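Visitor: I work with computed models every day, and I would like a close look at a single part of this one. Could you pick one helix and walk me through its surroundings?

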Amino acid sequence: MIYMKFAKIVLLINGIVDVLIGISLVFLPNIMAQLLGLPALQNHSLYFAGGWGVAAISFGVARIWASFVETFVWYNVILGLLEGSILTVFSIIVPFIYSGVTFIHVSMSIAVGSSFMIIYAILLILHFTKKKTTDS
């Protein structure tokens, strides 16, 4: 059961991070852009930042909620692993595709995505290893 407690804590932290990033994308997108070394966003970019901010807030609320409901913990851990993996790979590939994007620009995405990807992968390995040993 220690893995369940740790998974709940990770989901709660990931949810809070998602909500904070989402709020900053909705209400402070140009500050986020400046932190990543990007120029000030124009109207269409502000719209996309806000839209992704709303999505991040939704993911965050779902993770926070799941951290309190045992039934949904492992489903959200799997989704977190999937999201972290895709975000990390995407962030690594983008600087090679778009000449104006550097690794400094994607550094936050790589840091957040890979951190949670690794933690969720470890949690799933421990969870399924424990499950197999208890089933035997």
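Guide: Happy to; what follows is a tour of helix α1 and its partners. Please keep in mind that this is a predicted model.

Let us begin with the setting. The protein has five helices and zero strands, so to speak of its order is simply to read α-α-α-α-α along the sequence. Taken along the principal axes, the C-alpha atoms fill a box of roughly 60 × 30 × 20 Å.

Now to α1 itself, which covers residues 2–27, and to its packing against α3, residues 43–66. The axes of these two helices lie 7 Å apart, and the angle between them is about 160°. Because angles over 145 degrees count as roughly antiparallel, that value makes α1 roughly antiparallel to α3. The crossing of α1 past α3 is left-handed. As for what the contact of α1 with α3 is made of, sorting its residues by class gives 16 nonpolar, six polar and two charged.

A second partner is α4, which spans residues 70–97. Here the axes of α1 and α4 are 10 Å apart, at an angle of about 70°. The range for roughly perpendicular is 65 to 115 degrees, and α1 and α4 are therefore roughly perpendicular to each other. Once again the crossing is left-handed, this time with α1 passing α4.

Side chains also join these two helices. Lys 8 and Glu 70 form a salt bridge, with an N to O distance of 3.4 Å. Lys 8 belongs to α1 and Glu 70 to α4, so this pair links distant parts of the chain, 62 residues apart. The structure holds three salt bridges, and the pair of Glu 70 and Lys 8 is one of them.

Finally, follow α1 to the surface. A nonpolar patch there is formed by Ile 23, Val 26, Phe 27, Leu 28, Ile 31, Leu 35 and Val 54. Together these residues have about 660 Å² of accessible area. α1 gives the most to this patch, with three residues. Both α1 and α2, the latter being residues 29–35, supply two or more residues to the patch. Val 54, another member of the patch, is found in helix α3, the helix that packs against α1 at about 160°.

Terms used. Residues are numbered from 1 along each chain as its sequence is written. This is a predicted model: local features need pLDDT of at least 70, side-chain atom pairs count only at pLDDT 80 or more; totals for chains, interfaces and linings use all residues. Side-chain values use heavy atoms; hydrogens and water are left out. Axes are lines fitted to C-alpha atoms, for helices over the stretch in contact, and angles run from 0 to 180 degrees between N-to-C directions. Helices (H or I, at least four residues) and strands (E, at least two) are DSSP runs, numbered from the N terminus. Angles under 35 degrees count as roughly parallel, over 145 as roughly antiparallel, 65 to 115 as roughly perpendicular and the rest as oblique. A crossing is left-handed if the near helix is turned anticlockwise from the far one by less than a right angle, and right-handed if clockwise. Ala, Val, Leu, Ile, Met, Phe, Trp, Tyr, Cys and Pro count as nonpolar, Asp, Glu, Lys and Arg as charged, and the others, Gly among them, as polar. Patches are made of residues with over 30% relative accessible area and no salt bridge: like charges are joined within 9 Å, nonpolar side chains (Val, Leu, Ile, Met, Phe, Trp, Tyr) within 5 Å. Accessible areas come from the Shrake-Rupley method with a 1.4 Å probe; for residues, only the protein chains shown count as cover. A salt bridge is a side-chain nitrogen of Lys or Arg within 4 Å of a carboxyl oxygen of Asp or Glu.
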